[in-house]
Amino acid sequence: METQDNIFARSEGDRWFERNAGALQRFNPAEDTPLKLMQFYGVNPRSVLEIGAANGFRLAEIQRRSGARAVGVELSHQAIADGRARFPLVTLVRGAANSVPLREAFDVVIVNFVFHWIDRAHLLRSVAETDRLLRDGGFLVIGDFYPSNHLQVPYHHLKTGSVLTFKQNYAEVFLSSGLYHPVGLMTAHHASKKPDPEVTEDERIGTWLLRKELQRHYVNSEINRNHG
Ligand SMILES: C[S@@+](CC[C@H](N)C(=O)[O-])C[C@H]1O[C@@H](n2cnc3c(N)ncnc32)[C@H](O)[C@@H]1O
């Protein structure tokens, strides 16, 4: 069976961009949760990577604010062509989250509403790629659905039923490694993008700011032994 990643590379990435190109032109940075989180915590990177960046609209704003080197990885040919014309200071490369054709490590990596579409067979490889591309001490911004349970929902834009949306807390994968540490979390309603304490679990979204710190949080077991 064709993987979800192939389906997005072949057609659905472009279809998503066609459906959303108008909304992206009306992008309001003041209402964007990843940017709000970065601003709130004073994260001013010299280099930033977005995985599943669409046409690089968010990267262009970060580049404009801080002069950061801004690089996006994207599967959609149309999004990349549009972004290259519209945002010449953003570098866009074609690639999939599970095999990103870049070698450097960035100060900030953003993965906003991408993990839920990644083929389950590629999820951990995509997590490993995200980790590889973020330097020690850097910040990871993850936005996605944020239900209490792991939910699986048919992707309603395709009638074949071959694509699913997997809603779960992806920050948990990084946090459970012990190498990433929570800095901030903003929750909201998927439709309004506004905070909503009554939101149902399948419509709740969460945007996390995590810090990658490889060794700082380990507790020395000698301490326990001396006090035991
Ligand atoms: C829901 S959109 C989100 C776009 C943008 N990150 C944002 O915050 O609006 C998901 C994007 O990820 C891209 N995408 C889907 N699967 C991907 C994969 N496996 N690797 C890289 N990009 C992917 C899609 O083409 C699309 O542009």
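## A tour from Gly 67 to the ligand

Begin by selecting Gly 67, which comes just after helix α3 and takes a positive phi of about 70°. Helices (H or I, at least four residues) and strands (E, at least two) are DSSP runs, numbered from the N terminus. When you select by number, count residues from 1 along each chain as its sequence is written. The model is predicted, and local features therefore need pLDDT of at least 70, side-chain atom pairs count only at pLDDT 80 or more, while totals for chains, interfaces and linings use all residues.

**Helix α3**

Step back from Gly 67 into α3 and colour its buried residues, which are Phe 57, Arg 58, Leu 59, Ala 60 and Ile 62. A residue is buried if 20 or more other C-beta atoms lie within 10 Å of its own, exposed if 12 or fewer, and partly exposed in between, with C-beta atoms placed from the backbone. If you then display what these residues pack against, you will find α1, α2, β1 (47-51), β2, β3 and β4, where contact between two residues requires their C-beta atoms, placed from the backbone, to lie within 7 Å.

The loop between β1 and α3 holds Ala 54, which deserves a selection of its own, since this residue has a positive phi of about 55° although it is not a glycine. Ala 54 is buried, because 27 other C-beta atoms lie within 10 Å.

**Helix α2**

Next select residues 33-40, the helix α2, whose buried residues are Pro 34, Leu 35, Leu 37 and Met 38. They cover an arc of only 160° around the axis, so they lie on the same side of α2; the arc is that of the directions from the helix axis to the C-beta atoms. Their cover includes α3 (57-66), β4 (106-112), β5 (134-145), β8 (180-189) and β9 (204-212). Gly 42 follows α2, and its phi is positive, near 65°.

**The sheet**

Now hide the helices and show the strands. Seven of them form an open sheet in the order β3-β2-β1-β4-β5-β9-β8, and the pairing is mixed. At the edges stand β3 (90-94) and β8, each with a single partner strand, so one side of each is left without a neighbour in the sheet. From one strand to the next the twist averages 15°, where axes are lines fitted to C-alpha atoms, for helices over the stretch in contact, and angles run from 0 to 180 degrees between N-to-C directions.

Two strands pair if DSSP finds at least two bridges between them, and β4 and β5 do so in the parallel sense over six bridges. To see one position, select Asn 112, which stands opposite Gly 143 in β5. Bring α2 back into view here: this helix packs on the sheet, touching β4, β5, β8 and β9, and its direction makes about 135° with that of β8.

Follow β5 to its antiparallel partner β9, to which it is joined by seven bridges, and find Phe 145, whose bridge partner in β9 is Ile 205. Further along the strand order, β8 and β9 pair in the antiparallel sense over nine bridges, and here Thr 187 has Gly 206 in β9 as its bridge partner. Eight of the nine residues of β9 are buried, so this strand is largely enclosed by the rest of the structure.

**Two loops**

The loop between β8 and β9 contains Lys 193, a residue other than glycine whose phi is nonetheless positive, near 60°. Lys 193 counts as partly exposed, because it has 13 C-beta neighbours inside 10 Å.

Move then to Leu 102, in the loop between β3 and β4, which is partly exposed because it has 16 C-beta neighbours inside 10 Å. Apart from neighbours within four places in sequence, Leu 102 is in contact with Val 71, Val 93 and Leu 133. A distance label drawn from the C-alpha atom of Leu 102 to that of Arg 132, 30 residues apart along the chain, should read 9.8 Å.

**The ligand**

Finally, select the ligand together with the 20 residues around it, of which Gly 13, Gly 52, Ala 97, Asn 112 and Phe 113 come nearest. The elements giving two or more residues to this shell are α1 (4-25) and β2 (69-74). A residue is near the molecule if its C-beta atom, placed from the backbone, lies within 6 Å of it. Which element gives the most to the shell around the ligand? That is α1, with four residues.

Colouring the shell by class will show 14 nonpolar, four polar and two charged residues. In this scheme Ala, Val, Leu, Ile, Met, Phe, Trp, Tyr, Cys and Pro count as nonpolar, Asp, Glu, Lys and Arg as charged, and the others, Gly among them, as polar.
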